Amino acid sequence: MVKISIVCLIYKSSKMADWVYNSVHKFTPQIKRGEAEFFFIANDATKAVVNHLNIKGYKYFLNNCPKFSDSELFQMGYGKPAYISEVYNGYNRGILEAKGEIVVLINSDNYFSP
């Protein structure tokens, strides 16, 4: 049974997708034992990244964020920078898709170690 869900946002770098995927799998033995899952949220991802995820067979969910003006974001309680609402939108999608009791939110520039 999956206890831990590791969710990673990815946007435009296939190289970073491989980098974080490899480190998470190398240093998280719970994935091999079925106690943890790892997946990407392709958060407004480029077509090249989505194609790469498909070719590699990486588990992912597409997430296309609504676009708001600065004034619309401010009215909803967001400050600058504007992209931060898209980051939170992606993380929220990851939480909704997670099967684990514990959800770990990471980004594609995180690298893991023992």
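Here is a short walk through the fold, the overall shape and the largest pocket of this protein. Keep in mind that you're looking at a predicted model.

Let's start with the fold. The protein is built from 5 helices and 4 strands. If you trace the chain from its start, these elements come in the order β-α-α-β-α-β-α-α-β. Much of the contact network links parts of the chain that sit well apart in sequence: among contacts with a separation of 6 or more, 67% are between residues 24 or more positions apart.

Now zoom out to the whole molecule. The C-alpha trace spans about 45 × 30 × 20 Å along its principal axes. Does that fit a compact globule or not, and why? For 114 residues, a compact globule would have a radius of gyration near 13 Å, and the protein's value of 15 Å agrees with that. As for what's tucked away, 37% of the 114 residues count as buried. The accessible surface adds up to about 7,100 Å², and carbon and sulfur atoms own 55% of that area.

Finally, take a look at the largest pocket, which holds about 380 Å³ of space. It's lined by 13 residues, and those closest to the pocket's centre are I10, Y11, N43, V87 and N107. Two elements, β1 (4-10) and α5 (84-97), each give two or more residues to this lining. Chemically, the lining is a mix: 5 residues are nonpolar, 4 are polar and 4 are charged.

Methods
Residues numbered from 1 in each chain as written. Predicted model: local features only at pLDDT ≥ 70, side-chain atom pairs only at ≥ 80, totals over all residues. Heavy atoms only, no water. 1 Å grid on protein atoms, 1.4 Å probe; cavity = no way out; pocket = protein on both sides within 12 Å on 5 of 7 lines; lining within 4 Å. Points joined across faces, edges and corners; volume = space filled by probe spheres on them. Nonpolar A, V, L, I, M, F, W, Y, C, P; charged D, E, K, R; others polar. Rg over C-alpha atoms; globule rule 2.2 N^0.38 Å. Buried < 20%, exposed > 50% of the residue type's maximum accessible area, 1.4 Å probe, protein only. Contact = heavy atoms within 4.5 Å. Areas by Shrake-Rupley, 256 points an atom, 1.4 Å probe, with all protein chains shown as cover.
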